[in-house]
Amino acid sequence: MNKKFGHLRKGIKQPQLDDFITASVIDTILTRKPGLLMAHFVDLDSMRHQYGVTSNEANEALKRHDNRLGELITATKKAGIFDESTFAILGDHYQINVNTILRLNILFAEQNWLTIDATNEIIEWEVYAKSCDGSSYIYIKNQALQNHVYEALNQLPGIEKVYTTSEIVHLGADSEATFMVEAIPGCYFMENVEGPLVEEVTDEKIGQPDYYRAVHGYHPDKKDYQTTLIVSGPGIKRGEEIDNAQLIDEAPTFAKILGFQMPNVEGKVISDLFEGE
Ligand SMILES: [Zn+2]
């Protein structure tokens, strides 16, 4: 694909990267008539990170996605597989606008729970924060420090909640972590130790690695933080709106569309989608 369509790319820059993906997917539809095809488009995600959730740039990316989808639908018609094809358009997360960075490893270094060398590399740690952007894992080697760490985190502005191991295991997160912290909307975590504990995201910083106008990685129950699933095709109800479902419901639902079942999974088929159910 890169030999055929690589001229459309500018490294991994958007929107050219997704235009390259679109050309590759159209070629695959026309030449292979696939039974299952999955494509990951990143234009909207990139624009939201760089410019904000409802920015003009993000809205322009949505329009480009709409055009790309139109091209893919046209390709299935040309390939003669439109009537038997189901289209599912989905996101795996939304985003929340941010203006402040929290570097928890700076806090841990100040408490001597973590050691940094002259080149800003972490060389030793008893307490370490691993960022997921909107939330962060907290790993603690020396469990005697647990209460101190819990108190220090709870005193920090910008932290909405500190979750314990048993709470995060219930959510499907890493059982090795002692805590997981959730940022308030507007804040996100960086795990590096270059820069202050708390830093405002200024216009000049946007474009540098890890500096964003919006991020994801928050608790799935965060307010106004839901993503989307749109499905269309034979056997799928038209115009039906379903209030909510979970990401884990998507795999068994797609399995049903493809004609098989996934009985031993946590999610369930979103049966309201289907005609006659
Ligand atoms: Zn992203």
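**Exercise 1.** Work out why the arrangement around the zinc ion is irregular.

*Solution.* Start with the angles: the 4 donor atoms around the zinc ion subtend 54 to 145 degrees, which makes the arrangement irregular. Four donors would count as tetrahedral only if all angles lay between 85 and 135 degrees, and as square planar if opposite donors were over 155 degrees apart and all others between 65 and 115.

Before going on, note that this is a predicted model: local features need pLDDT of at least 70, side-chain atom pairs count only at pLDDT 80 or more, and totals for chains, interfaces and linings use all residues. Residues are numbered from 1 along each chain as its sequence is written, and side-chain values use heavy atoms, leaving out hydrogens and water.

**Exercise 2.** Find the protein donors of the zinc ion and place them along the chain.

*Solution.* Step one: list them. They are Asp45 (OD), Asp45 (OD), His49 (NE2) and His216 (NE2), 2.1 to 2.6 Å from the zinc ion. (Donors are N, O and S atoms within 2.8 Å of the metal, or 3.2 Å for Na, K and Ca.)

Step two: the spacing reads D-x3-H-x166-H. Asp45 sits in helix 3 (residues 43-51), while His216 is in the loop between strand 12 (214-215) and strand 13 (229-232), 171 residues away. (Helices, H or I with at least four residues, and strands, E with at least two, are DSSP runs numbered from the N terminus.)

**Exercise 3.** Decide whether His216, Phe254 and Met38 are buried, partly exposed or exposed.

*Solution.* Recall the cut-offs: buried is under 20% relative accessible area, exposed over 50%, partly exposed in between (1.4 Å probe, protein chains only). His216, at 19%, is buried. Phe254, at 22%, is partly exposed. Met38 has 74%, so call it exposed.

Terms used: Tetrahedral: all angles 85-135°; square planar, octahedral: opposite > 155°, others 65-115°.
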